[in-house]
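Hi everyone, thanks for making time this morning. I'd like to walk you through the aromatic contacts in one structure, so please have a look at it on the screen.

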Amino acid sequence: MGEIWSELRAHNRAKSGRNILDLFDKKGRVATFSAEADGLYFDFSKTQLDDGALSLLLELARNKGVEERRQAMFAGDKINETEGRAVLHTALRASEGPITVDGEDVMPEVLDTRARCLAFAEAVRSGSFKGQGGRFTDVVNIGIGGSDLGPAMATLALAPYHDGPRLHYVSNVDGADINDALQGLDPETTLVIVASKTFTTIETMTNAKTARDWLAKTVSDPSAQFVALSSSTQKAGDFGIPEERVFGFEDWVGGRYSLWGPIGLGLTIAIGKDAFTGFLNGAATMDRHFQEADLADNLPVLLALVGMWHNQVQGHATRAVLPYDNRLSRLPAYLQQLEMESNGKSVAMDGSALDLHSGPIVWGEPGTNGQHAFYQLIHQGTRVVPCEFLVAAKGHEPELAHHHRLLVANCLAQSEALMRGRSLDEAREMMARKGLEGAELERQAAHRVFAGNRPSTTLLYDQLTPFTLGQIIALYEHRVFVEGVILGINSFDQWGVELGKELAMALEPVLTGESDSAGKDGSTLALVEKVKAAGGV
Ligand code: F6P
């Protein structure tokens, strides 16, 4: 544990009795503890951070080499050291190069693939590329993890821009998922996208085969209605998808960072070329801000530092992401993969054990729904949950402006309530006004106390346009990167998902009886037997 961490912890301990509200006594609190970049406004004034803590955190970022690693990432250096790969999802939204990997400019290929994807999406939308029954009415994207969460989240987020065929996302190996998605679709006008970087993921390949069988019942040449988004043209070819309908990307694009390239094809078909380009431009604008802004004004850096203050210094293990924007309802799930697959590590880049916590547990739901579910615990539970609110100044439904007013009022009220709380005296006064007295007044008042002093941040934007969504997603990507650099881990591998996959492959033949259960533990064995006894496999 470094010296700055110790100083930060000591600082936190020294100030532990202080209330966030008191920090507002100092003039300029909001201006100092907020930052703005190209229309995104980040307010982190409702936290325990003060000048001393913030300057220590900024020093930490500098000492840990955030600026140098940032430059190395954008330059195409192989910063994914355990896999020997560059990390260049930023190239997928760049408009020009050169950006070099192993001395070769990757941009001509990136721009060529982007042009192919945009042209293909337009062909599907216009009907110039069609199915056996004519223009495609429906598109089914089959993928999982990064090949699903990003495009599914963004397709929902950008619903007001959706003027192409209907999009359906299938990810789970549970047959219920594909079964329900295909219900009511016409195979003759359905396009199937198989999105898999590796083209080996068992869930995706199982679903892809099921979709092919479904098409084959009606369509004479099912493969003519298939597209592959993959790094493996070979494997897509083996599946029967011809090269002209394989849209590839290189190994320097991690699955959870791949939405900006071919993996965004379904989204492009839904919203069209201009809107998708706006989405890329929003992300590229955030890339520029991240590269150029001073650390103290740098949104991704500030989000990371606030997050690390809460997780590493104050010891709050979770982070709630609370979008007051119903179309961002898949954002928490998307961020779970981005943050927890990237920074859920306990080993440092050099193989030594991490002496800090791994990244936080990320969860959330859109407001106002969450208010009527889990906010009880956030307000009155014994554990502190730092909250990240997101809200647009404007909705997309001007005729429903009163809904939006209520939405915004609720969002701002929640962060205010978390900070302000309600004291026992205030609760007593409330109960007295209701006519209670004596022991009953005391009892009822105790239940109405809110400790307050609970931290939250708010990200405010004008409207959820493609450009803004691009900015927000790139902001979170870079935030995860900064956190990873400060932790000293590799944010770009995911070895932690392997063991479960291996054991699942070994268990399937045990379930079918093709393999014996030698070496299995008692619990797993009993569960296998129960499933078999129920005739489940
Ligand atoms: O579960 C791990 C993972 O490799 C993710 O990182 C990835 O996004 C997902 O599986 C899907 O992988 P693929 O795109 O290769 O099918």
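I'll talk about ring pairs, then a cluster, then charges over rings.

Just to be clear from the start, this is a predicted model.

How many aromatic pairs does the structure hold? The count is 16. Let me take one of them, F120 with F129. Their ring centres are 5.1 Å apart and the planes meet at 50°, and because planes between 30 and 60 degrees apart fall in the middle class, we call this pair tilted. As for the surroundings, F120 and F129 are both buried.

Now stay with F120 for a moment, since that residue also pairs with F247. Here the distance is 5.4 Å from centre to centre, with 50° between the planes, so this is a tilted pair as well.

Where do the two partners sit in the chain? F120 belongs to helix α6, which covers residues 107–126, while F247 is in strand β9, residues 246–247. That puts them 127 residues apart, so to speak a link between distant parts of the chain.

And are these two buried or exposed? F120 has a relative accessibility of 9%, so it counts as buried. F247 comes out at 2%, and therefore counts as buried too.

Next, the cluster. Five residues join in one aromatic cluster: F74, Y257, F290, F481 and F492.

Finally, the charges. R29 has its charged end over the ring of F24, 5.7 Å from the ring centre. R93, in turn, lies over the face of W260, and there the distance to the ring centre is 4.6 Å.

That's my tour, and I'm happy to take questions.

Conventions:
Residues numbered from 1 in each chain as written. Predicted model: local features only at pLDDT ≥ 70, side-chain atom pairs only at ≥ 80, totals over all residues. Heavy atoms only, no water. Phe/Tyr/Trp six-rings, centres within 6.5 Å; stacked < 30°, edge-to-face > 60°. Buried < 20%, exposed > 50% of the residue type's maximum accessible area, 1.4 Å probe, protein only. Helix = DSSP H or I, 4+ residues; strand = E, 2+ residues; numbered from the N terminus. Lys NZ or Arg CZ within 6 Å of the ring centre and 35° of its normal.
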